[in-house]
Amino acid sequence: MIRLPVSCQTTGTAESKGECMDKILVLDFGGQYNQLIARRVRELSVYAEIKAYSAISPGEIAKAKYKGIIFTGGPDSVNEKNAPHCSPEVLNLEIPVLGICYGAQLMAYLSGGTVSEAENSSEYGKTELTVKGGKLFENIPQSSICWMSHTDYISMLPEGFEINAETEKCPCAAISNQVRNLYAVQFHPEVTHTEYGTMILKNFIFGICGCKAGWKMDSFIDASVGKYKEKLRDKRVLLALSGGVDSSVAAMLLHRAVGDNLVCVFVDNGLLRKDEADLVENTFKGKFGINLIRVNASERFLSKLAGVTEPEKKRRIIGEEFIRVFEEEAKKLGRINILAQGTIYPDVIESGRGDSATIKSHHNVGGLPDKISFEEIVEPLRDLFKDEVRQVGIFLGLPEELALRQPFPGPGLAVRIIGEVTKEKADILREADAIFREEVKTRNADKSANQYFAVLTDTRTVGVMGDARTYGYTLALRAVTTDDFMTAEWTRLPYEVLERVSSRITNEVKGISRVVYDITSKPPATVEWE
Ligand code: XMP
């Protein structure tokens, strides 16, 4: 979680002078949207701290002077024997509480109400909400859409509570005891499908808790830099810098904290995009004076990939080879205390998805060097979402070209070259991909596409150039529009842009005789071809 500025963490003197910013406690009962709740609060410029329900006592909550508490959702039923319950005392601290989903049921249960399993009234997805009143629903129309996901429901109100909203199947979709400042909603205001979710959170945070908006991304930067300055004093920190957004921002942040004690290793595996390796070196070493070791390992990677066509095998080879190169470089550096990683919150959720099927293994999430020992691994961005990481990068002065760049897979062009990867194919793809990206950008077509790139297929087709027959590769163009990359629409790029790209590529890139456009969404296709 994002920690407080150091001044607030240490003695409390700043706090007692009233200088500390307002903060909300997100009490975590294990739901899937917990981080999202904290993020929504942060978006409203109020600092939010997530704590497991069992990790903080009512006394500690009172001492920390939270302005409000949010109980999150969770997968359990409050009536189960081992269901996560916090102390009922939390409701008596005279701090406003908002319970969401499981958190709402828990609030009702701890206050003497009844929670039952809904026989026919479980609700999933968009549901019409009818508002009856109450402080939480100020400036919200009587009828709107909310996002429901529950089996249990509050079947009997606790004493002193009233109903503030209902749905067709859920009589207690929102309840409150306004005298005690306790509010509960069965639906999820934090997800965007709830039409007035942000307004509900605003009403709670500002109207009910009385918070002042004062938290910004630069507060996160100050807090992190302060924290790591202290924690990593006199330690040598090693970071694998790929040039992607996450590791770049991690490098900038840690460089601010530890200066020359940060060493970045950048491995050029021969599978990067055109001019990418130079851009990384010029930016980090040239512009920011960061200790950067560029390892030119193209030949090594390409020789390991020779003859390999199976996508997962390619990924595995690249992941393993990367670790070996990284270990060798680390060894040359002598004693290193800390390994830093640019892990961000979605990586944490994705890699924590226990038994879900592996669609593609993302090597940059799992692999860690095993031949070097570190005292600790630090992950300064592990609580941030991608767009928050980009904002941090911009605040830190990272050029937009790097901070706003589109995702690029760890295995690089290897998963965009179908079949065997060779230097010749990588060079062809690099040129074609650069033309595609340049044209989309300069013709302003990039606003609708969140990721766009070229793929070199393994299919050769016949073409004609002048009077001669050609027999070259088929290149596929891929552009997708998406919020989260979990699902994606193929982007309707203007025909003129596609036409220009096709013409330039077939004329300028030797070895390509045909260009096609991928019009498949995800699902059923994935974004990358391999
Ligand atoms: P897919 O192809 O799974 O891609 O629909 C979703 C997003 O993830 C990126 N991607 C990867 N990123 N290592 C990465 O770091 C990988 O192995 C990898 N495979 C896919 C992809 O570019 C898209 O943004």
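Me: Why is Phe-288 called partly exposed in this predicted model?
Reply: Phe-288 has a relative accessibility of 23%. Buried would need under 20% and exposed over 50%, so Phe-288 counts as partly exposed.

Me: What makes Phe-284 buried?
Reply: Its relative accessible area is 0%. Since buried means under 20%, Phe-284 is buried.

Me: Why is the pair of Phe-284 and Phe-288 called tilted?
Reply: The two ring centres are 6.5 Å apart, with the planes at 50 degrees. Stacked needs under 30 degrees and edge-to-face over 60, so this pair is tilted.

Me: How many aromatic pairs does the structure hold?
Reply: There are nine aromatic pairs. One of them joins Phe-29 and Phe-71.

Me: What makes the pair of Phe-29 and Phe-71 edge-to-face?
Reply: The angle between their planes is 65 degrees, and their centres are 5.5 Å apart. Pairing asks for centres within 6.5 Å, and edge-to-face for over 60 degrees, so both conditions are met.

Me: Why can we say that this pair ties together parts that are apart in sequence?
Reply: Phe-29 sits in the loop between strand 1 (23-28) and helix 3 (34-43), while Phe-71 belongs to strand 3 (residues 68-71), so the parts they tie together are 42 residues apart in sequence. Both Phe-29 and Phe-71 are buried, and they form one aromatic cluster with Tyr-53 and Tyr-102.

Me: How do you know that Arg-416 is within the distance limit for a charge over the ring of Phe-453?
Reply: Arg-416 lies 3.7 Å from the ring centre, over the face of Phe-453. The limit is 6 Å, so the distance fits.

Terms used: Residues numbered from 1 in each chain as written. Predicted model: local features only at pLDDT ≥ 70, side-chain atom pairs only at ≥ 80, totals over all residues. Heavy atoms only, no water. Phe/Tyr/Trp six-rings, centres within 6.5 Å; stacked < 30°, edge-to-face > 60°. Helix = DSSP H or I, 4+ residues; strand = E, 2+ residues; numbered from the N terminus. Buried < 20%, exposed > 50% of the residue type's maximum accessible area, 1.4 Å probe, protein only. Lys NZ or Arg CZ within 6 Å of the ring centre and 35° of its normal.
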